[in-house]
Amino acid sequence: MKTDRHNPLVSFFSGKDRFWIAVWILVVSLLALWDILFLNGPALKRVATGFVNTFIISVLVVCFTLILGWCVTISLHHLQLKGKRAGYISLTFFINLIRSVPQIVGVLFSYIGIAALVDKGVLHGNLTVFPAMAFCMSIFIFVETVDLMRERIDHFSKLDFYNAMKVCGVSENRIINFDILWKNSRIHIINKLISVFGIAVFLQCSVDFIISVGLSTDVNPVSIPVTLGSLLAKIDSKQDILAIGYTIFHPGYFPRLLFQHLQGITVAFLIVFSLLSINNISNGYAERHRL
């Protein structure tokens, strides 16, 4: 007789990370269905566009963060290995300089620069603006990936297998990239990248909200693509959010929230619930792999 633990479906959802992935997909799908039924067409299009844009940019941030982190990690390792002190100190100084800048401040000024480039016609369309936004954001995030990769390399470099493989003629690049970073550290790196995705969503929404509130309405639509953060700063979304406060003291108003104030509530819920889900996915992945 089969028990629940042998059920493939039960086994799959036994992990906290897998469970929260399924919960996030289910809840977002139900919310999308509700919006299709009750949210007006223009608002539904704005919410869908902002949601897709936010997650596309966040995925690009993860990719750029991984590439930058790997390139800088390998460069630091080889500079240290070959005794090129000047290059090693210069690159370390650059990393520490980035580390000293608050992420939200760095991303904010980067976005303002991108907006200026769009206004001058240097950047055209989402195919150039999205990668530019993602790259600027990853510059202020990738340092965490470098710290993780360097920590893993330093740890395994002290073990006997590192020297044994070098004696056997295995190249330094293969040991670092394949045996250490891929075979023995990819789970740690993936977990870090899940956290990076959450950081990207948070920074993007926060900075877009600040820019949308702080800049004139003539600048924002042209310069910055629609995201969940910029949608939250729209006047109709603000009114929807304020309606929640009104409902606290007037409970009978609650049903109207679900029909008349859907744009702001949908945007706010997507941001908060996505960040909560990403955090639980990251923690669950770490617990499942005993990191």
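**Exercise 1.** Which residues in α5 meet which residues in α6?

*Solution.* The structure is a predicted model, and the two helices span residues 103-119 for α5 and residues 126-139 for α6. On the α5 side the contact is made by Val-107, Ser-110, Tyr-111, Ile-114 and Val-118, and these meet Val-129, Ala-132, Met-133, Cys-136 and Met-137 in α6. Sorted by class, the residues of this contact comprise nine nonpolar and one polar, with no charged residue among them.

**Exercise 2.** Determine how the axes of α5 and α6 are oriented towards each other, and state the handedness of their crossing.

*Solution.* Begin with the axes, which come within 9 Å of each other and cross at roughly 155 degrees. Angles over 145 degrees count as roughly antiparallel, and α5 is therefore roughly antiparallel to α6. As for handedness, the crossing in which α5 passes α6 is right-handed.

**Exercise 3.** Carry out the corresponding analysis for α2 and α3, and describe the residues that bring them into contact.

*Solution.* Helix α2 covers residues 16-38, while α3 covers residues 41-81. Their axes approach within 10 Å and cross at roughly 155 degrees, and the two helices are therefore roughly antiparallel to each other. Here the crossing of α2 past α3 is left-handed. The contact itself joins Trp-24, Val-28, Asp-35 and Ile-36 of α2 to Leu-44, Phe-51 and Phe-55 of α3. Its composition by class is six nonpolar residues, no polar ones and one charged.

**Exercise 4.** Is Ala-43 buried or exposed, and how many Å separate its C-alpha atom from that of Leu-108?

*Solution.* Ala-43 lies in helix α3, and with a relative accessible area of 2% it is buried. Along the chain Ala-43 and Leu-108 are 65 residues apart, and in space their C-alpha atoms are separated by 26 Å.

**Exercise 5.** Explain why neither Cys-63 nor Cys-205 is bonded to its closest cysteine, and compare the accessibility class of each.

*Solution.* The criterion needed for this step is that the two cysteine sulfur atoms of a disulfide lie within 2.5 Å. For Cys-63, the closest cysteine sulfur belongs to Cys-71 and lies 13 Å away, which is too far for a bond. For Cys-205, the closest one belongs to Cys-136, and its distance of 17 Å is likewise too far for a bond. Under this rule the count of disulfides is zero. Turning to accessibility, Cys-63 is partly exposed at 39% relative accessibility, whereas Cys-205, with a relative accessible area of 7%, is buried.

Terms used
Residues numbered from 1 in each chain as written. Predicted model: local features only at pLDDT ≥ 70, side-chain atom pairs only at ≥ 80, totals over all residues. Heavy atoms only, no water. Buried < 20%, exposed > 50% of the residue type's maximum accessible area, 1.4 Å probe, protein only. Axes fitted to C-alpha atoms, helices over the stretch in contact; angles between N-to-C directions. Helix = DSSP H or I, 4+ residues; strand = E, 2+ residues; numbered from the N terminus. Parallel < 35°, antiparallel > 145°, perpendicular 65-115°, else oblique. Left-handed = near helix turned anticlockwise from the far one by under 90°. Contact = heavy atoms within 4.5 Å. Nonpolar A, V, L, I, M, F, W, Y, C, P; charged D, E, K, R; others polar.
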